[in-house]
Amino acid sequence: MEGKFIIPSGGLPNAKSSSTADSSVLQISGGHRLQGHVKISGAKNSALVIMAGALLCSGECRLRNVPLLADVTRIGQVLSALGVRLKQTGDILEIDARVIKTSKAPYELVTQLRASFFAIGPILARLGVAQMPLPGGCAIGARPVDLHVRGLQAMGAEVQIEHGVCNAYVPGSSRRLKGAKIYLDIASVGATETLMMAATLADGETIIENAAREPEVVDLANFCIAMGAKIYGAGTSTITIVGVPQLHSTEYTIIPDRIEAGTFLVAAAITRSELILSPVVPEHLTPIIAKLQDIGVPIIEEAPNCLRTLSAETLRASDIETLPHPGFPTDMQAPFMALLALAEGDSVINESVFENRLRHASELNRLGADIRVKGNVAFVRGVPMLSGAPVLGTDLRASAALVLAGLAAEGKTIVQGLQHLDRGYDRLDTKLQQLGARIQRIPLAQVNAEVASNPTVEELPTSGATNRENVQSQ
């Protein structure tokens, strides 16, 4: 593989840093239709775990269609801290993991990004020992690592959690994990991916039952297979892995991001616009397309990897329950709440995957929505219009929902909390600009100065707004 590998001192290039995102906001002038073609980037949740999966390879890997995201930067920093060499050119990322210098991942990086924890499986499989701080990420509810731990223990690892760090090692002279039969109490994507990666280099056969079936799990499996792993059944509830002594170099292209595609489908629907999206995998979008059609949004498959969405005459109310794949994805719940806020009639949204993922309801109400929350259920009564206001994104998908609502709202909307948005969307504001949206990223100081000089301008919400309860909650 040609090219000089570098160790990024400040992370991978071309991704906005959290400090930059914290000091800027999105200003949106709503009420304008979108038009044109949008290129869908590589899947965030595939890219992160596949980058971790590259640790399994005692050679060099080249990944294509890697999205430019803050989270990709962070996991790149984690890999660099382990001694891995990386070089990124556009959406191509070269990873040289021939030498892993340490089994201990840096606390300050892993605690910022939950996906970093998935590296415990590859590190343990390669080195026989791993020290991984407990993960961080969006505050959308408990996502414990006990399934990861129990699975690794079933494969022969000794695991202890002390002072916020998960310490794992494989006893014996071979330092090699053993194949095992593992049943997951919950079809956890993270646990499925961690254990599948660990099993690729284990001695013997591993069977994971009640495995997650998400497309990103299949993408990781295909990447590992491209490196020489023996994995069968990915995409079903039972995955079988036959361990091999080592994996080899490969080139691999990451699948398109189904959540980004879904977000742009909702952007078209909420602005009554026509858009063309590619590349996409329509099968990955089945529950999203079905729900949009139920709401009244026509969607046409122009080509095997291309969708066209048409303007909806009327947006109809619809009920949603989030479920693991192939059910309706929890990551699309917030964008659909923004859309249903403008639908005719009453909708009910049941968030059954995460217990703390409805905080955007109160922010949508600031824009004029009529949403009541009780527990993990949101009751959405459609309103004729939304009105621009300052709002605060509380997590990744909530931030996207507020941007979508701002596109449809009359007047000016200011969206704060872009450190969340930039974690998972590849230049969302730039792509929307290219489609005709009146949206721009401006310094937070500029908005604060405007507020200070004009008493009629509403102040931006503060970080305390993340704890604000919906005043209309039952």
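Hi everyone, let me start with one pair of residues: Ile 182 stands opposite Ile 208 in strand E10. Before I go on, please keep in mind that this is a predicted model.

That pair takes us into a sheet. Strand E9 and strand E10, residues 205-209, are joined by three bridges and run parallel. They belong to an open sheet of four strands, ordered E9-E10-E12-E11, and the pairing in this sheet is mixed. Which strands stand at the edges? They are E9, residues 181-183, and E11, residues 230-232; each has a single partner strand, so one side of each has no neighbour in the sheet. On average, and ignoring direction, neighbouring strands here are turned by 15° against each other.

Now for what sits on that sheet. Helix H7 packs on it and touches E9, E10, E11 and strand E12, which covers 238-242. The direction of H7 makes about 25° with that of E12.

H7 has a helix partner as well. For packed helices in general, the description is the angle between the axes and the distance between the axes. H7, residues 189-200, and helix H8, residues 215-226, have axes that come within 10 Å and cross at roughly 10°. Angles under 35 degrees count as roughly parallel, and H7 and H8 are therefore roughly parallel to each other. On the H7 side, the contact is made by Val 189, Thr 192, Glu 193, Met 196, Met 197 and Thr 200. From H8 come Glu 216, Val 217, Leu 220, Ala 221 and Cys 224. Sorted by class, this contact has seven nonpolar, two polar and two charged residues.

Let's move along the chain to another sheet. This one is also an open sheet of four strands with mixed pairing, and its order is E17-E18-E20-E19. At the edges stand E17, residues 320-321, and E19, residues 370-374; each has a single partner strand, so one side of each is left without a neighbour in the sheet. Inside the order, strand E18, residues 346-350, and strand E20, residues 377-381, run antiparallel and are joined by five bridges. If you would like a pair to look up on screen, Ser 347 has Val 380 in E20 as its bridge partner.

Across E17, E18, E19 and E20 lies helix H11, residues 333-340, which runs at about 170° to E18. H11 also packs with helix H10, residues 286-295, at an angle of about 10° and with the axes 12 Å apart. That makes H10 roughly parallel to H11. Which residues make the contact? H10 gives Ile 288, Lys 291, Leu 292 and Ile 295, and H11 gives Phe 336, Leu 339 and Leu 340. By class, that is six nonpolar, no polar and one charged.

A few backbone details around here may interest those of you who set up simulations. The peptide bond between Ser 278 and Pro 279 is cis, with omega about -10°. Pro 279 is in the loop between strand E14, residues 274-278, and H10. A cis peptide bond also runs from His 325 to Pro 326, with omega near 15°, and Pro 326 has its place in the loop between E17 and H11. Then there is Arg 272, which is not a glycine but has a positive phi, near 55°. Arg 272 lies in the loop between H9 and E14.

Arg 272 leads nicely to the empty space. The second largest pocket holds about 280 Å³, and 16 residues line it, with Ile 270, Arg 272, Leu 342, Pro 384 and Ala 408 the closest to its centre. The lining divides into nine nonpolar, three polar and four charged residues.

What about closed space? How many cavities of 30 Å³ or more does a search of the whole structure find? The search finds two. The largest has about 40 Å³ of space, and its lining includes Ser 41, Lys 44, Asp 257, Glu 260 and Asp 426. By class, this lining has three nonpolar, three polar and four charged residues.

The second largest cavity has about 30 Å³. Among its lining residues are Thr 263, Phe 264, Val 403 and Leu 432. Helices H9 (258-270), H13 (396-408) and H15 (428-434) each give two or more residues to this lining. Here the classes are seven nonpolar, one polar and no charged.

That's my tour, thanks for listening!

Conventions: Residues are numbered from 1 along each chain as its sequence is written. This is a predicted model: local features need pLDDT of at least 70, side-chain atom pairs count only at pLDDT 80 or more; totals for chains, interfaces and linings use all residues. Side-chain values use heavy atoms; hydrogens and water are left out. On a 1 Å grid over the protein atoms alone, a cavity is a set of points where a 1.4 Å probe fits but cannot get out, and a pocket is an open set with protein on both sides within 12 Å along at least five of seven lines; lining residues have an atom within 4 Å of a point. Grid points are joined across faces, edges and corners, and a volume is the space filled by probe spheres set on the points. Ala, Val, Leu, Ile, Met, Phe, Trp, Tyr, Cys and Pro count as nonpolar, Asp, Glu, Lys and Arg as charged, and the others, Gly among them, as polar. Axes are lines fitted to C-alpha atoms, for helices over the stretch in contact, and angles run from 0 to 180 degrees between N-to-C directions. Angles under 35 degrees count as roughly parallel, over 145 as roughly antiparallel, 65 to 115 as roughly perpendicular and the rest as oblique. Contact means heavy atoms within 4.5 Å. Two strands pair if DSSP finds at least two bridges between them.
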